[in-house]
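Me: I'd like to go through a protein model with you, one question at a time. Can you take a look?

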Amino acid sequence: GSAPSPPSPVAGPLGSALSSRFGARPVAMVGGFLAGLGLFLGAFATHMTHLYLSVGLLAGLGWALVFTPSLGAVGRYFPSRRALATGLVVSGASVSGLALGPLVPWLLDTYGWRGALLLLAAISFNLVAAGALLRPLPVPDESLGPPRERAGPLQLLWHGPFLRYALAFVLVDAGYYVPFVHGAARAHEVGCDEHRAGLVMAAMATVDGGGRVAAGWLAARPTAPLLRHLFAWAVLTGFTLFLLPLGTSFGGLLTLALAYGFCAGALVPLQFAGVAEVVGTERLVHAIGLMQMFESFGSLLGAPFAGWLRDTTGTYTIAFLAAGAFLLAGSLLILTLPGFFCASRGAGGKEGGPAPAPDGPEPPPAALEPAL
């Protein structure tokens with residue numbers, strides 16, 4: 001699907017720490033190699049444990065090492081158009097999801113699961129070349145600073161606005177993935193056959209990418225602070241989740257799935273661009289990694305909880321209503337952030353105070369931000 005995969009509890013902070021130490025380019029290249037290697041080794045598995053270790057652990061670690069440094073680097077490349085740049089970057093997940101949807105079944109039918117993994121490994125190895133295209137950024141020499149300045153990630157654990165922001169997305173992710181995981185089963189519940197259920201999911205995936213680009217473009221307009229855009233899309237996503245149980249026919253469910261897919265897609269770029277609004281650019285990579293660790297708990301628990309509600313009540317109605325409630329609860333926490341009611345951008349200090357001095361020289365925006 002086009003929804004972003006649930007973040008890894010460990011690999012996010014690991015990717016941010018390595019990126020701060022060695023730079024985004026080498027970490028992303030190593031991650032691409034590990035992703036391809038994991039799929040390649042999985043093709044020779046003779047036991048389920050081998051697949052857990054190769055595809056699950058090794059390839060998953062590789063993808064995380066690509067995602068976190070790349071997203072953090074893009075956030076620093078485009079300080080004034082961060083939301084639009086992030087929207088264009090994460091829209092690639094929608095394109096790949098649409099491409100791999102029909103491709104993977106064809107590979108399985110034609111080459112078997114081992115051959116399919118080998119071909120997917122060949123595709124993943126291209127991440128090495130993609131990572132090599134990242135423009136290097138100056139890596140601060142943290143050994144020269146006092147201990148207080150070197151403890152960037154630890155400081156974030158006492159950074160009130162960041163913790164509220166992370167908690168907001170723990171709640172958001174507890175509801176966000178429910179339609180992507182249970183959408184096909186909901187379509188079957190209302191009488192759709194396999195083909196129509198697939199159309200519902202494909203439609204949701206298609207408009208997801210458009211929502212990502214559209215939200216990034218709208219947030220780049222100087223009409224309101226980015227956090228207000230984020231709050232508005234979170235509320236819209238929660239309300240569309242509330243409405244999903246009203247789709248009791250193929251046409252109604254398809255219409256509501258299109259609305260949810262667009263709004264859910266719009267949340268993704270603003271979520272990561274908003275991190276810089278809360279902690280500042282100099283700690284962006286560390287903050288993205290830690291936020292992925294925190295929000296993984298919501299994303300990993302939300303879909304099973306919705307399934308339990310379905311088994312208990314006999315319908316997905318309560319499950320979707322609960323998911324929407326999680327999203328709305330998360331959106332309310334965004335209201336408490338210090339940058340929400342003012343037009344200033346990049347509040348980075350504790351409880352909204354001025355951002356601390358960067359750990360190292362920040363590249364001038366003009367040198368980093370090529371024209372889009």
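Here are some questions and answers about this predicted model.

Me: How many helices and strands are there in the protein chain?
Reply: Reading along the sequence, you meet one α after another in the pattern α-α-α-α-α-α-α-α-α-α-α-α-α-α. So no strand turns up, since a strand would need a DSSP run of E of at least two residues. The tally for the protein chain is 14 helices and zero strands.

Me: Which helix supplies the largest share of the lining of the largest cavity?
Reply: That cavity has a volume of about 70 Å³. α8 (178-189), α9 (194-219) and α11 (250-279) each give at least two residues to its lining. With three residues, the largest share comes from α8.

Me: How do the residues of that lining divide into nonpolar, polar and charged?
Reply: The lining includes Pro 179, Val 200, Met 204 and Phe 320, along with Gly 183 and Arg 186. Gly counts as polar and Arg as charged, while Pro, Val, Met and Phe count as nonpolar. Overall, the split is seven nonpolar, one polar and one charged.

Me: Is Phe 44 buried or exposed?
Reply: Phe 44 sits in the loop between α2 (24-42) and α3 (48-77). Together with Phe 40, Leu 41 and Leu 118, Phe 44 makes a nonpolar surface patch of about 360 Å². The cut-off for exposed is over 50% relative accessible area. Because Phe 44 has 51%, the word for Phe 44 is exposed.

Me: What percentage of the 372 residues in the protein chain is buried?
Reply: To count as buried, a residue needs under 20% relative accessible area. Among the 372 residues, the buried share is 48%.

Conventions: Residues numbered from 1 in each chain as written. Predicted model: local features only at pLDDT ≥ 70, side-chain atom pairs only at ≥ 80, totals over all residues. Heavy atoms only, no water. 1 Å grid on protein atoms, 1.4 Å probe; cavity = no way out; pocket = protein on both sides within 12 Å on 5 of 7 lines; lining within 4 Å. Points joined across faces, edges and corners; volume = space filled by probe spheres on them. Helix = DSSP H or I, 4+ residues; strand = E, 2+ residues; numbered from the N terminus. Patch = residues over 30% accessible without salt bridge, like charges linked within 9 Å, V, L, I, M, F, W, Y side chains within 5 Å. Areas by Shrake-Rupley, 256 points an atom, 1.4 Å probe, with all protein chains shown as cover. Salt bridge = Lys/Arg side-chain N within 4 Å of Asp/Glu carboxyl O. Buried < 20%, exposed > 50% of the residue type's maximum accessible area, 1.4 Å probe, protein only.
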